Amino acid sequence: MSAVPAGERGATRIADRVVAKIASQAAREAVGTPPRDAGRPSASVVVHHEVAHVRVHVELDYPCDVGDRCRQVRRQVVERVATLAGMEVPEVVVQVERLHLVAGPGAAQGRTR
């Protein structure tokens, strides 16, 4: 019996929902410790020809640099999906669903920094 060449053996397809789980876990890693009453990051993914288009929903503590946090999420999602699923990720849309005010000094009196 002769061995079948690698290119003729078939293909491995990773389901969109699996890539979405990888992306949501990567977003969790990037966000770090979530605000106390925040929901977990979630993701939706569309995969076409080994290219994943990702949308991630996160909740962040506030005040924070929202733009920087979103960049961190994008970077982590691109890196983890590429590493674990072997897919290119040209687009990661980060949607901030909610900002959670972190109580600081004077918060009880309604003062801000």
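How far is the sulfur of Cys64 from the closest cysteine sulfur, and in which residue does that partner sit? The views below take this up in a predicted model, where local features need pLDDT of at least 70, side-chain atom pairs count only at pLDDT 80 or more, and totals for chains, interfaces and linings use all residues. Numbering runs from 1 along each chain as its sequence is written, and side-chain values use heavy atoms, with hydrogens and water left out.

**View 1. Cys64 and Cys70 stay unpaired.** Their sulfurs sit 8.1 Å apart, too far for a bond. A disulfide would need the two sulfur atoms within 2.5 Å, and by that rule the count is 0. Cys64 is partly exposed at 22% relative accessible area, while Cys70 is buried at 9% (buried is under 20%, exposed over 50%, partly exposed in between; 1.4 Å probe, protein chains only).

**View 2. The largest nonpolar core has 24 residues.** Such a core is a set of buried Ala, Val, Leu, Ile, Met, Phe, Trp, Tyr and Cys residues joined through side-chain atoms within 4.5 Å. Among those with the most contacts inside the core are Ala52, Val54 and Val81. Two or more residues come from each of α1 (16-31), β1 (42-48), β2 (51-62), α2 (66-85) and β3 (88-101), and α1 gives the most, with 8. Helices (H or I, at least four residues) and strands (E, at least two) are DSSP runs, numbered from the N terminus.

**View 3. A closer look at Ala52 and what it touches.** Leaving out residues up to four places away in sequence, the contacts of Ala52 (heavy atoms within 4.5 Å) include Val19, Val46, Val81, Met87 and Pro90.

**View 4. Leu101 out in the open.** Leu101 belongs to strand β3 and is exposed, at 70% relative accessible area.
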